[in-house]
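Here are my notes after a read through the model you sent over. They go point by point, so skip to whichever part you care about.

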Amino acid sequence: MLNKEKAYALIDKVLSYCSCYTMVTVIDKEEGLTRFANSEIHQNVQNSDCMIRITVSDGKRETTISTNLMDDVSIQRAVKNAEENLLLIPAGDRQIPELT
């Protein structure tokens, strides 16, 4: 699992590649399952996953893209894809408020 410092470092890395208003969400989870049969452990499964959700906005348009690839090239590609997708979306009639 990510600790607080690693999560903030990951967010800072994503934001360093962005050129417009961006919101980053980091979701890090662990799941486990243990099955018992005849009072003994029959099956034990554990899974961990980390995902980044990148939302970019220019005030009238907004798009979100997600990835669970954490290397620099994949993060850059995800940010680039989100910003390119933003250009394809028609502008809305209302202003999206920015978080400060």
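**Notes on the fold, starting from Thr67**

1. The side chain of Thr67 comes to 3.1 Å from the backbone nitrogen of Leu69. Keep in mind that this is a predicted model. Thr67 sits in strand S3, which covers residues 62-67. Is Thr67 buried or exposed? Its relative accessible area is 13%, and the cut-off for buried is under 20%, so Thr67 is buried. If you set aside neighbours within four places in sequence, the contacts of Thr67 are Cys50, Met51, Ile52 and Ala78.

2. Now the overall layout. The chain has two helices and three strands, and in sequence order they read α-β-β-β-α. The radius of gyration is 18 Å, whereas the globule rule gives 13 Å for 100 residues, so the chain is more spread out than a compact globule. The C-alpha trace spans about 65 × 30 × 25 Å along the principal axes. Buried residues account for 25% of the 100 residues. Take the contacts between residues at least 6 apart in sequence: 54% of them join residues at least 24 apart.

3. Strands S1 (residues 21-37) and S2 (residues 40-57) are antiparallel partners, with 17 bridges between them. To get your bearings in that pair, use Asp28, whose bridge partner in S2 is Cys50. Cys50 also turns up among the contacts of Thr67.

4. The hairpin of S1 and S2 has two residues between the strands. Which values does phi take there? For Asn38, phi is near 55°, which is positive in a residue other than glycine. Ser39 is likewise not a glycine and has a positive phi, near 60°. Asn38 is in the loop between S1 and S2, and so is Ser39. With a relative accessible area of 74%, Asn38 is exposed; Ser39, at 77%, counts as exposed too. If you're checking backbone torsions, these are two to look at in the viewer.

5. On its other side, S2 pairs with S3. The pairing of S2 and S3 is antiparallel, over six bridges. Within it, Ile54 stands opposite Ile65 of S3. The hairpin of S2 and S3 has four residues between the strands, and there Gly59 has a positive phi, near 105°.

6. Helix H1 runs over residues 4-16. Its 13 residues should span 18 Å at 1.5 Å a residue, and the end C-alpha atoms are indeed 18 Å apart, so the two agree. At the start of H1, a side-chain oxygen of Asn3 gets to within 3.3 Å of the backbone nitrogen of Glu5.

7. Which residues of H1 are buried? They are Ala7, Leu10 and Val14. Looking down the axis of H1, these buried residues fall within an arc of 60°, so they line one face of the helix. The background is familiar: an α-helix has 3.6 residues a turn, so residues three or four places apart point the same way. Lys4, Glu5, Asp12 and Ser16 are exposed on the other side of H1. The cover over the buried residues of H1 includes S1, S2 and helix H2 (72-88).

8. One residue of H1 deserves its own line. Ala7 is in helix H1, and at 19% relative accessibility it counts as buried, because the cut-off is under 20%. Ala7 and Ile27 are 20 residues apart in sequence, and their C-alpha atoms are 9.3 Å apart in space.

9. Last, helix H2. It has 17 residues and reaches 25 Å from its first C-alpha to its last, close to the 24 Å expected at 1.5 Å a residue. Its buried residues are Ser74, Ile75, Ala78, Val79, Ala82, Glu83 and Leu86. What covers them includes H1, S2 and S3. Ala78 closes the loop with the opening point, since Ala78 is one of the contacts of Thr67.

Terms used
Residues are numbered from 1 along each chain as its sequence is written. This is a predicted model: local features need pLDDT of at least 70, side-chain atom pairs count only at pLDDT 80 or more; totals for chains, interfaces and linings use all residues. Side-chain values use heavy atoms; hydrogens and water are left out. Two strands pair if DSSP finds at least two bridges between them. The expected span of a helix is 1.5 Å times one less than its number of residues. Buried means under 20% relative accessible area, exposed over 50%, partly exposed in between (1.4 Å probe, protein chains only). The arc is that of the directions from the helix axis to the C-beta atoms. Contact means heavy atoms within 4.5 Å. A polar contact is a pair of N or O atoms within 3.5 Å; within protein, one must be able to donate a hydrogen and the other to accept it, and residues adjacent in sequence count only if both atoms are side-chain atoms. The radius of gyration is taken over C-alpha atoms; the globule rule is 2.2 Å times the number of residues to the power 0.38.
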